[in-house]
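Work through the exercises below with the sequence and the 3D view side by side, and try each task before reading its solution.

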Amino acid sequence: MRALVVDHSDAGPIRFADVDEPVPSAGEALVEIRHIGLNFGELNYVHQWPAGAVHGHDAAGIVVRAASDGSGPPEGTRVAVGMAPHAWAERVAVSPASLGTVPEGVDLADAAALGIAGVTPFRVLRTRSLLARDVLITGASGGVGHFAVQLAALAGARVTALVGSPERAAGLRELGADKVLTDLAGTGGRFDLVLDTVGGPLVAQAWSSLAEGGTLHLVGYSSGQETTFPSGALFGFGEPRSIATYGDMTPTGGELTDLLGLMAAGRLSAPVGLRGDWRGVDDAVQALFARKVHGKVVLDVA
């Protein structure tokens, strides 16, 4: 079968290859993949995976063989695959714990956009009450950012979306952002929670805008830049502020089911900024790296 594998050469980060068919264990379902969701992190940091390995974590498709131990969805079920290994292939063997059943009315391509981009902010934002709280989402025009804006607004937060340029602000107010900014300087805002996807100098700026008792939650570092805090910036009076990292790799099935339910109810939309055939993956990767995509890249598996 065909798959996208890790490529460490200058032609990378991924390439097509013929690979062996997956052999599911008793506790795995065999899923025929219809759509894959690309993520910036897994492409930008491809050196963390071995060359030649089937890459990718997010996809959507149809169960063509249920797990032989009786667990998970039956044959014929439409499913989203989230944060599961080796997902960018024509077929994948996957634990039911990493599957979410796609309800009627939800497009499989939209379901493929969930995974890392949807589950990450979902897990972070549900750690505290957000009702009438001030929340800042950095990198709000990306996949994680689009989902984070919607989920924070659904939770009752006053949402500020931070983007890199005015052109990347399109549609964020419609998703629930009360304010859309291109710079934190002079805002005077004090945020109870910051969900940061950018890293670099922006982290220090966001820290200075954090309210007493607030948390700066780091979920990405798309800028690739270092963070330097000014002398004394980490000292302060009043209720302690905190910085939290993110690295939750536990199975995503429960969160996918919840997110898909919100989609089916019309309360959450998939931020698909680029849709195409997976044979055009090189162009899609270039567009993602060039910051030309607002939201997620979803490719159809031909």
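**Exercise 1: the buried side of a helix**

Task: find which residues of helix 6 (residues 201–208) are buried, that is, under 20% relative accessible area with a 1.4 Å probe and protein chains only.

Solution: Leu202, Val203, Ala204, Ala206 and Trp207 are the buried residues of helix 6, where a helix is a DSSP run of H or I with at least four residues and a strand a run of E with at least two, numbered from the N terminus. As the next step, follow these buried residues outwards, and they pack against strand 8 (134–138), strand 9 (158–162), strand 11 (191–196), strand 12 (210–218) and strand 13 (242–245).

The model is predicted, so local features need pLDDT of at least 70 and side-chain atom pairs count only at pLDDT 80 or more, while totals for chains, interfaces and linings use all residues. Residues are numbered from 1 along each chain as its sequence is written, and side-chain values use heavy atoms, with hydrogens and water left out.

**Exercise 2: a residue in a loop**

Task: locate Ser98 and decide whether Ser98 is buried or exposed.

Solution: Ser98 lies in the loop between strand 6 (91–94) and strand 7 (99–101). Its relative accessible area is 12%, so Ser98 is buried. Finally, when neighbours within four places in sequence are set aside, Ser98 is in contact (heavy atoms within 4.5 Å) with Ala80, Val81, Gly82, Ala84, Thr252, Gly253 and Leu256.

How values were computed: Buried means under 20% relative accessible area, exposed over 50%, partly exposed in between (1.4 Å probe, protein chains only).
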